[in-house]
Amino acid sequence: MCGIVGIVGREPVAGRLVEALKRLEYRGYDSAGVATLEAGRLVRRRAEGKLRNLEERLAREPLQGMIGVGHTRWATHGRPTENNAHPHASERLAVVHNGIIENFRELREELSARGHVFATETDTEVVAHLVTDEMDGGKSPREAVAAALPRLRGAFALGFVFDGQENLLIAARQGAPLAVGYGDGETFLGSDALALAPFTDTITYLEDGDWAVLTREGVEFFDARNAPVTRARLRTQASAFLIDKGNHRHFMAKEIHEQPEVVGRTLAHYLDMSQGCVRLPFDLPFDASKLTRLTIVACGTAYYAGLVAKYWFERYARIPVEIDVASEFRYREPPLDATGLTIVVSQSGETADTLASLRYAKEKGQKTVAVVNVPTSTIARECDAPALTLAGPEIGVASTKAFTCQLSVLACLAIAIGRARGALSLERESALVSQLIAVPGLLAEAIKREPKIEQVSATLAKASDVLYLGRGASFPLAMEGALKLKEISYIHAEGYAAGELKHGPIALIDESMPVIVIAPHDGVYEKTVSNMQEVAARGGRIILIADNRAADEAAIDFHAVVAMPAMEPDFAPIVYAAPAQLLAYHTAVIMGNDVDQPRHLAKSVTVE
Ligand code: F6R
């Protein structure tokens with residue numbers, strides 16, 4: 001899960017490669033590197049750690065080559081050292097790679113036996129040697145790549161430049177996204193349209209199994225059987241999005257604050273506000289009245305959005321919902337029949353396990369809907385109906401605005417399917433839609449509690465463990481709150497169903513462990529109060545996220561209360577997500593962590 005770029009240019013490319021890599025840093029930031037041709041000879045510059053280290057290196061040791069490839073890494077095989085950083089090279093070529101070569105051990109043994117000497121711990125290096133081996137046998141670069149590709153197992157996107165070849169870049173795609181872009185006498189390669197946005201708005205996505213030859217004059221495409229193919233050119237909107245932090249210190253802060261706007265925009269796309277009903281911007285690709293079961297599959301935060309939505313689909317559409325994380329779902333051979341619907345949820349639309357789950361559901365004859373943020377992504381293109389979230393590019397590694405937009409779309413889908421199944425009356429639909437219309441304003445109110453949240457975060461920053469509790473749809477939100485805290489503050493946190501506490505985790509309660517309780521005033525609030533009393537009785541310090549009425553009714557001596565605006569409870573998870581995000585954000589800032597690029601993580605997970 002790395003970012004790759006390439007340029008066959010008319011002027012020096014190193015600076016532009018780095019510029020494109022900055023837009024791909026969300027895919028990984030363990031190390032970075034570029035390779036260009038200086039007077040026809042391959043030269044590399046690589047650096048451990050964030051991209052700025054590579055920039056400093058290039059400032060000290062500049063490169064002038066007019067053709068090159070670049071890479072930002074999220075380590076899979078081999079530690080994040082400079083030696084393991086891409087591009088990997090032989091005397092003949094340099095290669096950048098996103099993905100995993102599953103059979104790299106066999107290939108490495110075979111090539112070692114033939115005299116190839118390996119210098120790194122990576123799987124990628126076998127690709128360099130495999131193609132080199134073919135060239136040593138007399139093949140041209142094109143022939144060598146075409147011969148090597150069928151021998152690679154796994155998911156990958158590759159970019160090659162060759163020693164002595166000033167006008168040749170070869171790219172290949174299998175299972176990992178890859179796009180080429182067209183400039184004026186220049187061509188470009190990138191993991192996504194965003195990377196290429198500063199250079200061009202005209203791109204082509206390679207299809208699975210495709211490889212491509214880029215020169216200054218243009219791009220030729222070949223399919224997996226090496227037959228020449230034509231692939232459509234698309235105009236992208238990617239460049240329209242300004243990737244900056246505005247007045248905020250971090251992308252994550254900016255994205256949290258953007259939520260009232262992007263959730264409003266997303267809801268407006270799915271609601272007919274004047275009629276008080278949901279109006280989907282696409283036709284449902286199935287007959288909802290005949291649906292027997294709904295399956296939701298996703299990873300991480302998107303999975304928690306699906307878990308919240310399970311409550312909505314069951315309540316409003318009266319349909320049984322099964323939900324699983326994609327990495328489990330795809331391998332446990334779940335029985336699916338053609339009368340069911342699978343919904344996958346993904347911000348990036350490229351998550352390898354989610355994509356595999358989508359393909360599995362399609363193989364089983366199910367119709368598929370993808371709640372997805374990137375309209376040009378593989379998942380958006382392969383599902384039967386993309387239900388787009390209009391969150392705009394999310395740069396902070398910790399997902400925030402994508403989550404609340406996913407919830408918004410899922411709420412609309414639950415209502416639309418409920419109506420189509422006759423499970424929801426027009427009056428009830430209209431009441432629910434009124435509640436949804438209020439959500440962006442309530443989110444804005446919730447975000448205004450930031451000063452109080454910042455204060456509370458000082459307590460969290462001193463803790464080594466945190467418990468998050470919730471009931472009903474607040475339970476998955478508790479898990480999402482704990483995930484946010486883990487990923488950016490590195491504090492151990494667990495999200496639990498409040499009613500489960502007494503079945504084990506209550507043993508953990510003491511004065512040193514903050515217990516955050518998400519408790520909108522809903523039908524299970526009184527039950528949550530009982531659970532809070534159990535915590536208080538054992539000396540636990542409770543941080544309550546609830547409205548004033550709920551806080552007063554509980555009559556408990558809370559460590560702190562984050563007072564939320566009063567609201568109908570149905571869509572509280574969308575609004576209550578904001579304080580959970582802000583708690584994690586401020587805790588991480590107090591602790592001095594790199595909020596936008598937390599350790600070991602990457603934004604787009606294109607490896608399984
Ligand atoms: C957490 C986070 C991840 C993603 C997960 C799925 O803040 O961002 O857990 O939600 O990797 O990614 P997408 O939604 O791109 O499929």
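Where is the place of Leu291? I looked this up before anything else, and found Leu291 in the loop between strand S17 (277-278) and strand S18 (293-298); I take helices (H or I, at least four residues) and strands (E, at least two) as DSSP runs, numbered from the N terminus.

**Ground rules.** I keep in mind that this is a predicted model, in which local features need pLDDT of at least 70 and side-chain atom pairs count only at pLDDT 80 or more, while totals for chains, interfaces and linings use all residues. Residues are numbered from 1 along each chain as its sequence is written, and side-chain values use heavy atoms, with hydrogens and water left out.

**Leu291, continued.** I then checked its exposure, and Leu291 counts as buried at 7% relative accessibility, where buried means under 20% relative accessible area, exposed over 50%, and partly exposed in between (1.4 Å probe, protein chains only). I also looked up its distance to Gly340: the two residues are 49 apart along the chain, and their C-alpha atoms are separated by 5.5 Å.

**The ligand site.** I counted the shell next, and 15 residues surround the ligand, the closest being Ser346, Gln347, Ser348, Thr351 and Glu487; a residue is taken as near a molecule if one of its heavy atoms lies within 4 Å of it. By type, the shell divides into 6 nonpolar, 7 polar and 2 charged residues, with Ala, Val, Leu, Ile, Met, Phe, Trp, Tyr, Cys and Pro counted as nonpolar, Asp, Glu, Lys and Arg as charged, and the others, Gly among them, as polar. Helix H9 (300-317) and helix H16 (474-489) each supply at least two residues of this shell, and at least three come from each of domain 2 (246-447) and domain 3 (448-595), the domain bounds being those of an automatic or database domain assignment.

I went through the backbone contacts to ligand oxygen atoms one at a time, taking a polar contact as a pair of N or O atoms within 3.5 Å. A polar backbone atom of Ser399 is 2.9 Å from an oxygen atom of the ligand, a backbone N or O atom of Thr301 lies 3.1 Å from a ligand oxygen, and for a polar backbone atom of Val397 the distance to an oxygen atom of the ligand is 3.4 Å. The protein covers 89% of the 410 Å² of accessible area that the ligand has on its own, with areas from the Shrake-Rupley method and a 1.4 Å probe.

**The core.** I found that the largest nonpolar core has 99 residues, and that Trp312, Phe313, Ile343, Leu413 and Phe571 have the most contacts inside it; such a core is a set of buried Ala, Val, Leu, Ile, Met, Phe, Trp, Tyr and Cys residues joined through side-chain atoms within 4.5 Å. Helix H19 (residues 572-590) gives the most to this core, with 13 residues, and the core draws at least three residues from each of domain 2 (246-447) and domain 3 (448-595). In soluble globular proteins, nonpolar side chains tend to be buried together.

**Backbone geometry.** I noted that the peptide bond from His86 to Pro87 is cis, with omega near -5 degrees, and that Pro87 sits in the loop between strand S4 (67-73) and strand S5 (88-89). Phi of Ala39 is near 50 degrees, a positive value in a residue other than glycine; Ala39 lies in the loop between strand S2 (31-38) and strand S3 (41-48), and counts as exposed at 80% relative accessibility. Tyr490, also not a glycine, has a positive phi near 65 degrees; Tyr490 is found in the loop between H16 and strand S24 (492-497), and is partly exposed, with a relative accessible area of 27%.

**Two further residues.** I looked up Asp184, which is in the loop between strand S9 (179-182) and strand S10 (187-190) and is exposed, with a relative accessible area of 59%. Leu189 lies in strand S10 and is buried, with a relative accessible area of 0%.

Definitions and conventions. A polar contact is a pair of N or O atoms within 3.5 Å; within protein, one must be able to donate a hydrogen and the other to accept it, and residues adjacent in sequence count only if both atoms are side-chain atoms.
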